[in-house]
Structures are given as structure tokens and as C-alpha cells.
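Visitor: I should be grateful for a close look at disulfide bonding in this model. Please continue from there to the strands, the loops and the aromatic rings.

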Amino acid sequence: MRAVLALSIAVVTLAGCVAPPAPVAPPRVVVAPPPVPVVAPVPPPLAADWNDWPFTPGDWRYLQQPGATVGRFETAGQAALTLICDRFTRLVRLTGIAPAPATIRTTSLTRVVAPGTGEPALVFAANDPLLDAIAFSRGRFVVEQAGRAPLVLRPYAEIGRVIEDCRG
């Protein structure tokens with residue numbers, strides 16, 4: 001029994017020699033950095049000469065409708081500009097613009113055109129020389145409006161077809 005008592009005292013003595021457990025540090029709070037704002041890329045400035053401006057991506061389509069023909073410039077599947085011949089009134093409407101004055105530039109003519117009262121379109125008589133200037137512009141024509149990116153378009157055959165449809 002002495003041996004058991006001696007062994008018990010030894011065990012208790014050794015247990016007292018063990019260092020107390022180290023204090024547990026509180027968990028670290030990790031703060032996420034604030035999100036970086038996404039900024040749309042700024043388009044490069046346009047060249048001084050509008051003949052050097054890049055084309056607006058897209059393509060022209062010609063459509064026939066009852067009483068009208070349409071030349072529509074589409075970009076990403078959406079109509080960006082539409083030229084409509086009303087065969088009954090012999091008027092050509094340029095739609096897809098803001099209801100504000102627009103500057104139209106061609107190689108032979110530049111004109112500021114204002115929409116009619118309450119009309120979200122530019123309206124031209126079928127024999128307006130600006131329409132010929134658009135159809136026969138060398139390589140490109142431009143439609144500009146304040147607060148909007150300019151449309152730099154190729155004068156494809158659809159434009160001439162719509163104009164001729166109104167004259168015929």
C-alpha cells in the first residue's frame with residue numbers, strides 16, 4: 001500500500017508541475033477591403049477630322065412595308081437609326097434620334113436639322129438635297145447630337161433605295 005501511496009503522491013506532484021494552458025487568443029476579425037468601383041472605359045477622343053472617326057459597328061437592312069420602305073441601321077440587333085419613306089406623303093423620316101437638333105455631315109454638305117414640333121424624327125421632303133448628299137457621301141456620313149455618341153455610318157445602297165422609293 002505504501003507503494004501505491006507513493007505513486008499517487010508522485011503523480012499528483014508531477015501534475016502540479018505542468019504549466020497551465022496558454023491563453024487562447026480571440027479570433028482575428030478580417031475586414032474586407034472596400035470594393036473597387038467599376039469605371040466604364042473612356043472612349044478615345046475623336047480625331048479632328050470627322051472623316052477619320054471610326055465607324056459605328058452595325059449594318060443596314062432594307063424592308064418593305066405597306067405604304068412605306070425602310071432602311072434601318074442596326075447595331076447589336078437594335079435599330080440605331082431608321083430612314084423611312086412614306087409613299088403617300090412623299091416624306092422621308094430619320095428616326096432613332098433624340099428629339100433635339102442633329103448635325104448631319106456628308107462629304108458635300110453639312111446641315112443642322114431640327115425635328116418637327118412634337119416629332120421624334122427629322123423629316124425631309126423626298127427631293128431634299130441633303131438626302132442625295134447622304135446617299136452619295138464618299139465613304140461615310142455622320143449624325144451628331146449633343147449628349148450622344150456620333151453615328152458614323154457607311155452610305156450603303158439601302159439609303160438610296162429608300163430615297164428613290166419616295167421619289168418614284
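Guide: The count comes to one disulfide, a disulfide being a pair of cysteine sulfur atoms within 2.5 Å. The model is predicted, so local features need pLDDT of at least 70 and side-chain atom pairs count only at pLDDT 80 or more, whereas totals for chains, interfaces and linings use all residues. Residues are numbered from 1 along each chain as its sequence is written, and side-chain values use heavy atoms, with hydrogens and water left out.

The bond runs between Cys85 and Cys166, with an S to S distance of 2.1 Å. Its S-S torsion is about 110°, and the disulfide is therefore right-handed. Cys85 belongs to strand 3 and Cys166 to helix 3 (residues 157–167), so that distant parts of the chain, 81 residues apart, are linked. Helices (H or I, at least four residues) and strands (E, at least two) are DSSP runs, numbered from the N terminus. Cys85 counts as buried because its relative accessibility is 0%, and Cys166 is likewise buried at 0%. Here buried means under 20% relative accessible area, exposed over 50% and partly exposed in between, with a 1.4 Å probe and protein chains only.

Strand 3 (78–86) is also flanked by loops with unusual backbone angles to examine. Most residues other than glycine have a negative phi. Ala76, which is not a glycine, has a positive phi of about 55°. Ala76 lies in the loop between strand 2 (68–75) and strand 3, and it counts as exposed because its relative accessibility is 78%. Arg90 also has a positive phi, near 60°. Arg90 is placed in the loop between strand 3 and strand 4 (91–95). With a relative accessible area of 35%, Arg90 is partly exposed.

Further along the chain, four strands form an open antiparallel sheet in the order 6-5-8-9. Two strands pair if DSSP finds at least two bridges between them. Strand 6 (110–113) and strand 9 (151–153) stand at the edges with a single partner strand each, so one side of each has no neighbour in the sheet. From one strand to the next the twist averages 15°; axes are lines fitted to C-alpha atoms (for helices, over the stretch in contact), and angles run from 0 to 180 degrees between N-to-C directions.

Within this sheet, strand 5 (residues 102–105) is joined to antiparallel strand 8 (residues 141–144) by three bridges. Thr103 has Glu144 as its bridge partner in strand 8, and Ile104 stands opposite Val143 of that strand. Four bridges join strand 5 to strand 6, again antiparallel, and Arg105 stands opposite Thr110 in strand 6. These two strands form a hairpin with four residues between them.

Two arginine side chains lie over aromatic rings. Arg154 is over the face of Phe55, 3.7 Å from the ring centre, and Arg161 is over the face of Tyr62, at 3.7 Å from the ring centre. A charge sits over a ring if NZ of Lys or CZ of Arg is within 6 Å of the ring centre and within 35 degrees of the ring normal.
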